[in-house]
Amino acid sequence: NLISNATKFTLKGEVSLLVTVGDNEITVAVSDTGLGIPIKDQATIFDEFHQSTRTATRGYGGMGLGLAITRRLVEMHGGKINCISSGEEGDGTTFYFTLPVYRGESAKESDEMDNASKEDQLLLLSPNLAQAQPLSEYLEQQGYSVHLLDVGAHTQNLEQALLAPYRAIVICDDPSATWIQDALSVLRSQPGKQDVPILFYHLWVEENQGSFLDLNLVSKPMRPDSLLNVLKQRGLTESDPGRPNRTVLVVDDEAEIRELHAQMIEQHVPNCQVIQACNGRQGLERMKDVRPDLILLDLLMPEMDGFGMLEAMQSHTTLRAVPVIIMTSQVLSEDTLLRLNRCVTSVLSKGLFSIQETVQQIESSLARDKRPGSEPQRIARRTMAYIHTHYAEAISRSDIANHIGANERYLTHCFRQEVGITPMEYLNRYRVKVARKMLETEQKSITEIGLEVGFTSSAHFSRVFHQYMGTSPREYQRTN
């Protein structure tokens with residue numbers, strides 16, 4: 001807008017753009033040798049529907065909204081805008097605006113999607129990486145950032161991995177595994193990890209069967225901030241006109257605890273129905289009438305405890321996918337962990353779903369996290385995953401947008417916001433990276449390599465390669 005105005009009001013001389021960087025801010029200045037702005041107009045030039053008297057008398061059009069919108073955009077980004085002019089006709093004007101300098105870590109290209117923060121990663125734990133790899137790749141294609149960890153027979157790797165925060169933890173192993181008990185102990189001994197969702201699953205590829213359990217452990221009684229965090233993770237605090245009523249089932253043998261949690265939920269979740277039950281058997285009876293959106297479940301209760309209720313839920317098609325928050329004492333005892341491990345093993349041994357259904361259950365559970373700000377990251381990661389898979393094909397921005405299910409311009413906006421470059425520039429960089437490896441290791445012609453990584457001709461390949469590497473593919477192949 002500033003450049004457009006400068007060129008419109010400058011009949012002779014020049015228009016210049018100057019960008020300077022200071023310690024705390026960047027300044028962008030657009031100067032011209034045009035009409036200039038009278039002193040009396042300078043105080044109101046950024047107001048809506050205002051025009052300089054000098055430009056108005058000379059018949060220049062416009063509604064007087066451009067500078068007002070420009071000021072609003074600058075201020076929304078934490079900057080300020082102003083103008084400098086002597087007021088004399090023909091002396092020109094300088095419009096300038098400032099923006100704060102961001103001192104965080106700069107965005108960088110990364111095949112491993114390093115631009116994603118640990119807080120938005122999933123931690124996938126398994127002693128068998130070959131079994132867990134397909135799920136990891138699938139989740140990455142859906143836009144998640146996954147850290148796949150081989151836990152083996154030791155827990156020190158797990159303790160090291162948990163130094164960073166994660167959005168959710170997915171545990172994959174044979175149902176008879178005993179290391180889950182150690183894993184749960186480590187998970188809950190880490191500060192700040194008490195509210196992280198835990199998903200258990202197992203796949204039997206030969207039988208096309210799978211099992212899934214959405215589980216979370218919190219201290220009992222829950223603090224208001226912990227409860228609110230759990231409700232936010234499950235998307236229950238968001239207003240949804242299409243579904244005004246939410247239901248939470250609280251199962252605990254202590255009436256005071258049930259009432260305390262019910263009051264906190266009703267306070268934080270509008271239009272939420274809270275159902276109470278004093279043991280697992282009563283909880284199952286309550287769920288015959290209404291399927292809850294979330295269950296707060298005590299483990300140790302008379303008649304039917306939390307372990308029995310968890311196993312019984314797996315035999316009901318409509319209850320298998322209901323998320324469960326298990327309320328425990330502050331420190332999980334060895335006996336409680338052992339019983340929980342047996343319960344998880346029993347649930348996962350049932351093979352209730354097909355492999356596809358199990359994976360969909362995992363994705364659906366992960367999608368319940370409604371934290372704001374994740375959509376641009378998700379779109380960027382799904383774009384990167386699509387490019388990594390289809391870089392050798394003749395793909396366009398439209399192809400990527402159709403796959404992601406997003407508007408092309410919005411796709412580019414999100415990707416640039418997260419990665420710092422456009423999707424097509426990332427595609428070219430990725431193709432060049434693959435080509436570099438082929439030039440170093442394979443005895444193929446420049447044309448063959450260019451075509452294999454997705455370029456339409458050797459000339460196009462050479463031009464793009466030189467742009468990023470500063471040398472031609474042939475010279476790079478000769479020297480490497």
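Reader: Why is Gln417 called partly exposed, rather than buried or exposed?

Author: In this predicted model, Gln417 has a relative accessible area of 47%. Buried means under 20% and exposed means over 50%, with partly exposed in between, so a residue at 47% is called partly exposed. Gln417 belongs to helix H16, which covers residues 408-419, and its C-alpha atom is separated by 7.6 Å from that of Pro376, although the two are 41 residues apart along the chain.

Reader: What makes Glu303 an exposed residue, and where is Glu303 placed?

Author: The relative accessible area of Glu303 is 61%, and because exposed means over 50%, Glu303 is called exposed. Its place is in the loop between strand E12 (294-298) and helix H11 (306-313). Glu303 also has a phi near 70°, which is a positive value in a residue other than glycine.

Reader: How do you know that Pro270 is exposed?

Author: The reasoning runs along similar steps: Pro270 has a relative accessible area of 57%, the cut-off for exposed is over 50%, and therefore Pro270 counts as exposed. Pro270 lies in the loop between helix H9 (255-268) and strand E11 (272-277), and from C-alpha to C-alpha it is 8.5 Å from Arg246, with their positions 24 residues apart in sequence.

Reader: How do you know that the span of helix H17 agrees with what is expected?

Author: Helix H17 runs over residues 423-441 and has 19 residues. The expected span is 1.5 Å times one less than the number of residues, which gives 27 Å for H17, and because its end C-alpha atoms are 27 Å apart, the two values agree. Among the buried residues of H17 are Pro423, Tyr426, Leu427, Arg431 and Met438.

Reader: Why are E1 and E3 called edge strands?

Author: Four strands form an open sheet in the order E1-E2-E4-E3, with antiparallel pairing. Strand E1 (15-21) and strand E3 (80-84) each have a single partner strand, so one side of each is left without a neighbour in the sheet, and that is why they stand at the edges. From one strand to the next, the twist averages 15°.

Reader: What makes E3 and E4 a pair, and which way do the side chains of E3 point?

Author: Two strands pair if there are at least two bridges between them, and E3 and strand E4 (residues 93-100) are joined over five bridges in the antiparallel sense, so they count as a pair. In E4, Phe97 is the bridge partner of Ile81, while Tyr96 is the bridge partner of Asn82. The side chains alternate along E3: Ile81 and Cys83 are buried and point to one face, whereas Lys80, Asn82 and Ile84 point to the other and are not buried.

Reader: What makes a group of residues a nonpolar core, and how many residues has the largest one?

Author: A nonpolar core consists of buried residues of nonpolar kinds, such as Ile and Met, joined through side-chain atoms within 4.5 Å. The largest has 36 residues, and Ile295, Met309 and Met313 have the most contacts inside it. Beyond its neighbours within four places in sequence, Met313 is in contact with residues including Leu284, Met287, Ile295 and Val324. A second, separate core has 32 residues, among them Val419, Met438, Phe455 and Phe465. In soluble globular proteins, nonpolar side chains tend to be buried together. Over the whole protein, buried residues make up 48% of the 480 residues.

Technical notes. Residues numbered from 1 in each chain as written. Predicted model: local features only at pLDDT ≥ 70, side-chain atom pairs only at ≥ 80, totals over all residues. Heavy atoms only, no water. Buried < 20%, exposed > 50% of the residue type's maximum accessible area, 1.4 Å probe, protein only. Contact = heavy atoms within 4.5 Å. Helix = DSSP H or I, 4+ residues; strand = E, 2+ residues; numbered from the N terminus. Axes fitted to C-alpha atoms, helices over the stretch in contact; angles between N-to-C directions.
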